[in-house]
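These are my notebook entries on one protein chain. I record what I looked up and what I found in each place.

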Amino acid sequence: WSHTEAREYLHQKGVRIYGIEIMANASPIMKYDSVTGVVRFPFDRRWHGGAAFVMGNEGNGLSEKQREICDEFLFIPQTRGGRSDGGGGGSASLNVACAATVVLQAYCLWADYPDAGMAGEKFLALPGENERLRHRER
């Protein structure tokens, strides 16, 4: 599929396409209001089909073709250590796997997806595994 075909297909399904990129017109993936204690997410419930996330690479970010199909851009805020002057360490970007983890977790929180069940010190990965475990406990 071309980028344009993918965009058309996703839009037919009601999916909003978010590009994950550090750029001036991007919104933070989440923002904490320290006065109210509320975390706000930029996702839009009017898009009934869910979300697709386009991730760039660590060196060059999103390509021009990838940017063209995105409806909106988001970035992951980063801090620079605990010094009062804002200084201290950090990096210019995150590894794409780490960035995807942060983005997907934020989306799952916003969408109110249920947490996976646990068995011991592991999460249950298979669909229906929660129900089988509960049935055995009875």
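**Entry 1: the central strand**

Which residues of β1 lie on one side and which on the other, and are they buried or exposed? I found Arg-16, Tyr-18 and Ile-20 on one side of β1, with Ile-17 and Gly-19 on the other, and all are buried, so both faces of the strand are covered. I keep in mind that I am reading a predicted model. I noted that 5 of the 5 residues of β1 are buried, so the strand is largely enclosed by the rest of the structure.

**Entry 2: the overall layout**

I then looked up the make-up of the chain. I counted 4 helices and 8 strands. I read their succession along the sequence as α-β-β-β-β-β-α-β-α-β-β-α. Of the 138 residues, 25% are buried. The accessible surface amounts to about 9900 Å², and carbon and sulfur atoms contribute 53% of that area. I also checked how the contacts are spread along the sequence. Of those between residues at least 6 apart, 67% join residues at least 24 apart.

**Entry 3: the sheet**

In what order do the strands of the open sheet run? I found 4 strands in the order β2-β6-β1-β5, with parallel pairing. β2 (27-28) and β5 (51-55) stand at the edges with a single partner strand each, so one side of each lacks a neighbour in the sheet.

I went through the pairings one by one. β1, residues 16-20, pairs with β5 in the parallel sense over 5 bridges. Within this pairing I located Tyr-18 opposite Phe-53 of β5, and I identified Val-54 of β5 as the bridge partner of Gly-19. I then looked for what packs on the sheet here. Helix α3, residues 96-111, touches β1 and β5, and its direction makes about 160° with that of β5.

I turned next to β6, residues 72-75, which pairs with β1 in the parallel sense over 3 bridges. Here I found Ile-20 opposite Leu-74 and Tyr-18 opposite Glu-72. Tyr-18 therefore has a residue opposite it in β5, namely Phe-53, as well as one in β6, namely Glu-72. Finally, β2 and β6 run parallel and are joined by 2 bridges; I located Pro-28 opposite Phe-75 in β6.

**Entry 4: the salt bridges**

How many salt bridges does the model contain? I counted 3.

I took Arg-7 and Asp-71 to begin with, whose side chains meet at 2.9 Å, N to O. Arg-7 belongs to helix α1 (residues 3-12) and Asp-71 to the loop between α2 (64-69) and β6, so the pair ties together parts that are 64 residues apart in sequence. I looked up the exposure of both partners. Arg-7 is partly exposed at 28% relative accessibility, and Asp-71 is partly exposed at 21%.

I then examined Glu-72 and Arg-16, whose side chains form a salt bridge at 3.1 Å, N to O. This pair links strand β6, which holds Glu-72, to strand β1, which holds Arg-16, across 56 residues. Are these two residues buried or exposed? I found both Glu-72 and Arg-16 buried.

I also recorded the salt bridge between Arg-67 and Glu-21, at 3.4 Å, N to O. Arg-67 lies in helix α2 and Glu-21 in the loop between β1 and β2, with their positions 46 residues apart in sequence. Why do I enter the two partners under separate classes? Arg-67 has 27% relative accessibility and so counts as partly exposed, whereas Glu-21 has 11% and so counts as buried; the class of buried residues is set at under 20%.

**Entry 5: a nonpolar surface patch**

Which residues form a nonpolar patch on the surface? I found Met-30, Tyr-32 and Val-39, with about 280 Å² of accessible area together. I traced Val-39 to strand β4, residues 38-40. Its relative accessible area is 37%, so I entered Val-39 as partly exposed.

Methods:
Residues numbered from 1 in each chain as written. Predicted model: local features only at pLDDT ≥ 70, side-chain atom pairs only at ≥ 80, totals over all residues. Heavy atoms only, no water. Patch = residues over 30% accessible without salt bridge, like charges linked within 9 Å, V, L, I, M, F, W, Y side chains within 5 Å. Areas by Shrake-Rupley, 256 points an atom, 1.4 Å probe, with all protein chains shown as cover. Salt bridge = Lys/Arg side-chain N within 4 Å of Asp/Glu carboxyl O. Buried < 20%, exposed > 50% of the residue type's maximum accessible area, 1.4 Å probe, protein only. Pairing = 2+ DSSP bridges. Contact = heavy atoms within 4.5 Å. Axes fitted to C-alpha atoms, helices over the stretch in contact; angles between N-to-C directions.
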